[in-house]
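User: I am new to this structure and would like to understand how its descriptions are reached. Could we go through the terms one by one?

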Amino acid sequence: MFSSPTHHGKLVDYCLEFDPQEDPGDPQDCGQPAADLYFYEKNFGPAVDYAKRRVYDQETLTMDEHSTCSPQHNVCIAFEFIACAVLEQTYRDPAMHEYALDGCYNFEEGCGDVAADEFCRQQGYVEAKAYAMTEADELTMTIGNHAVW
């Protein structure tokens, strides 16, 4: 389950299309189509459950048209959560910004469980079920402060 899902740093809009020039009471492809596209882009199956909420303090971004809804000028609706049938996912050779993911949250701190759990949370999961650390033969990036070493 992804709580308050984001796309390109903005909350995922409840609809696939948003045009501020059109009547806001006539949104297009809302709910299931938008939730399914969110999961499709993550290589998951279709959404099995979702809920919407009104947004007062953040912009939303549509998955299809990549249109932004600004709550200062429009009524913006985002997903409160989206759930899919995939219960777990394996990430082989996880990376951040094209660097191998370091086994520590910050430099030599929070190694193992802390770093693995944070990586999984950032992917929309609750925690890591299992992980393995190996010696890196390339630069790595920590998930906590994005330090490269």
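User: Which strand and which helix each supply at least two residues of the lining of the largest pocket?

Analyst: Strand S11 (99–101) and helix H2 (113–122) each supply at least two lining residues, where helices (H or I, at least four residues) and strands (E, at least two) are DSSP runs numbered from the N terminus. The largest share, four residues, comes from H2. This is a predicted model, in which local features need pLDDT of at least 70 and side-chain atom pairs count only at pLDDT 80 or more, while totals for chains, interfaces and linings use all residues. Residues are numbered from 1 along each chain as its sequence is written, and side-chain values use heavy atoms, with hydrogens and water left out.

User: What makes a space a pocket, and how much space lies in the largest pocket?

Analyst: On a 1 Å grid over the protein atoms alone, a pocket is an open set of points where a 1.4 Å probe fits, with protein on both sides within 12 Å along at least five of seven lines, and lining residues have an atom within 4 Å of a point. About 1200 Å³ of space lies in the largest pocket, a volume being the space filled by probe spheres set on the points, which are joined across faces, edges and corners. Of its 34 lining residues, the closest to the centre are Tyr91, Pro94, Tyr131, Ala132 and Met133.

User: Why is Ser70 called buried, and Glu98 exposed?

Analyst: Buried means under 20% relative accessible area, exposed over 50% and partly exposed in between (1.4 Å probe, protein chains only). Ser70 has 11%, so Ser70 is buried, whereas Glu98 has 80% and is therefore exposed. Ser4, with 27%, falls between the cut-offs and so is partly exposed.

User: What is notable about phi at Ser4 and Glu98?

Analyst: Most residues other than glycine have a negative phi. Ser4, in the loop between strand S1 (2–3) and strand S2 (6–7), has a positive phi of about 45° although it is not a glycine; Glu98, in the loop between strand S10 (95–96) and S11, likewise has a positive phi, of about 70°.

User: Why is the aromatic pair of Tyr14 and Phe79 called tilted?

Analyst: Rings of Phe, Tyr and Trp (its six-membered ring) pair if their centres lie within 6.5 Å, and planes under 30 degrees apart count as stacked, over 60 as edge-to-face and the rest as tilted. Tyr14 and Phe79 are 5.0 Å apart centre to centre with 55° between the planes, so they form a pair and the pair is tilted.
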